Amino acid sequence: MNDIEDVVSNVINNDNNKGFDKEKWIKQKNEDRQKAYDMIDKTANDIVTNIDKYKVYLDVQSRFDKYSVGNGLLITAQMPNATKIKDYQDWKGAIKDFKNPIIILEPSSQYTRADKTVATSYNPKKMYDISHTNIKDKTVEMNYDDKLKLAGLLNESPVNVKIVDSIENSNQYAQWNKNDNVLYIKKCENIKELLPELAIEYAKVSLGEINNTELDNFKCNSVAYMIAKKYDIDTSKIKLDTIPYSLSNMESREIRNELESVKTAMEDMNSRMSKKLEEVAKKQKNKEQVR
């Protein structure tokens, strides 16, 4: 139950307002929750039928990287072009469109199952995109040059990095060797060409999967694609042409498990990269204040 619902429920009950049907309200909440779960399952199954639909989900999850896979799927299903989502209170009365909220699932209380395991219950919550409001988005997008993006990708590298004249038996600019746990980077002048390849190799490191199966490579490229979209890196060299057969034939829960590992790897890379870029942004801001 969110803050608004909590206050409304308590006040109405305390005032003995007979117009409030608590049982009906609970029933509606349960129905909304089930609709959200059904939407998650349907969307998970839907995005693995078509690579363009899958990329739409990746676009959403790259923008809303703090949201769970389930909520990423819910946003994809309801408003894939959303850019900034808040609840009623956070928009402070600026909402102009109440008819088309984005329903997500919010963690609530924990409970014990019959088998004694502990689980978390979730409640449906109405959210609104900035396009639902009369607020103009004044967010200033930071533009990082390629050298800074490279520094971000390399920041706090979990593996050793070596610069080499060439990578044996490869035309790649970057390659992670799992055997010696070294990321080899070829000397080159074109950082723009290096960035997407480096993102893919770091995705392999984060996932720990380089068995060269179709699904493993697809997941690595999915991670790199989200990082590239988030930081305006060229995605044309990141191959996402078709959905792997094994993924398209999975059940909804299995698909979501694969998406979870992709998102976790993306978060791992993003946390290191954003830390570096935030440091630079802070220094720039301090420098401007001094002026």
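In this predicted model, Pro196 offers a good place to start. Leaving out residues up to four places away in sequence, the contacts of Pro196 are Ile233, Asp234, Lys237 and Ile238. Pro196 itself belongs to helix H6, which runs over residues 191-207. With a relative accessibility of 0%, Pro196 counts as buried, because the cut-off for a buried residue is under 20%. A further link across the sequence is found between Pro196 and Ala228: the two are 32 residues apart along the chain, and their C-alpha atoms are 6.9 Å apart in space.

With that spot in mind, the view can widen to the chain as a whole. The chain holds nine helices and six strands. Its C-alpha trace spans about 80 × 55 × 35 Å along the principal axes. Of the 291 residues in the chain, 41% are buried. Among contacts between residues at least 6 apart in sequence, 63% join residues at least 24 apart; the pair Pro196 and Ile233 has already given a taste of contacts in this chain. The exposed surface of the chain comes to about 17200 Å², and carbon and sulfur atoms supply 46% of that area. As for charge, the chain carries 47 positive and 47 negative charges, and the mean positions of these two sets are 4 Å apart.

Helix H3 is a helpful next stop. Gln61 is found in this helix, and so is Asp59. Gln61 is buried, since its relative accessible area is 1% and the limit is under 20%. Beyond residues up to four places away in sequence, Gln61 touches Tyr67, Ser68, Val69, Gly72, Met226 and Lys263. The C-alpha atoms of Gln61 and Glu141, by contrast, are 18 Å apart in space, with their places 80 residues apart in sequence. Asp59 also counts as buried, because its relative accessible area of 18% falls under the 20% limit. Once neighbours within four places in sequence are set aside, Asp59 is in contact with Tyr225 and Lys229.

Two of the contacts of Gln61, Val69 and Gly72, lead on to helix H4, which covers residues 69-78. This helix is mostly covered, with eight of its ten residues buried. The buried residues of H4 are Val69, Gly70, Asn71, Gly72, Leu73, Leu74, Ile75 and Thr76.

Open and enclosed spaces add to the picture. The largest pocket has a volume of about 1000 Å³. Its lining is made up of 26 residues, and those closest to the pocket centre are Ser62, Arg63, Thr139, Glu141 and Lys230. Three elements give two or more residues to this lining: helix H3 (51-63), helix H7 (214-230) and helix H9 (252-290). Among the elements, H9 gives the most, with four residues.

The model also has one cavity of 30 Å³ or more. About 40 Å³ of space lies within the largest cavity, and its lining consists of Gly152, Leu153, Asn155, Tyr202, Met269, Arg272 and Met273. Helix H5 (146-154) and H9 each supply at least two of these lining residues. H9 again has the largest share, here with three residues. Helix H9 therefore leads in the lining of the pocket and in that of the cavity.

Two loop residues round off the tour with their backbone angles. Most residues other than glycine have a negative phi. Lys92, however, has a positive phi near 50° and is not a glycine. Its place is in the loop between strand E1 (85-86) and strand E2 (102-112). Lys92 is exposed, because its relative accessible area of 72% is over the 50% cut-off. Asn181, another residue that is not a glycine, has a positive phi of about 55°. Asn181 lies in the loop that joins strand E5 (174-177) and strand E6 (182-186). At 33% relative accessibility Asn181 counts as partly exposed, because that value falls between the cut-offs of 20% and 50%.

Notes. Residues numbered from 1 in each chain as written. Predicted model: local features only at pLDDT ≥ 70, side-chain atom pairs only at ≥ 80, totals over all residues. Heavy atoms only, no water. Buried < 20%, exposed > 50% of the residue type's maximum accessible area, 1.4 Å probe, protein only. Contact = heavy atoms within 4.5 Å. Areas by Shrake-Rupley, 256 points an atom, 1.4 Å probe, with all protein chains shown as cover. Lys, Arg positive; Asp, Glu negative; His and termini not counted. Charge placed at Lys NZ, Arg CZ, Asp CG, Glu CD. 1 Å grid on protein atoms, 1.4 Å probe; cavity = no way out; pocket = protein on both sides within 12 Å on 5 of 7 lines; lining within 4 Å. Points joined across faces, edges and corners; volume = space filled by probe spheres on them.
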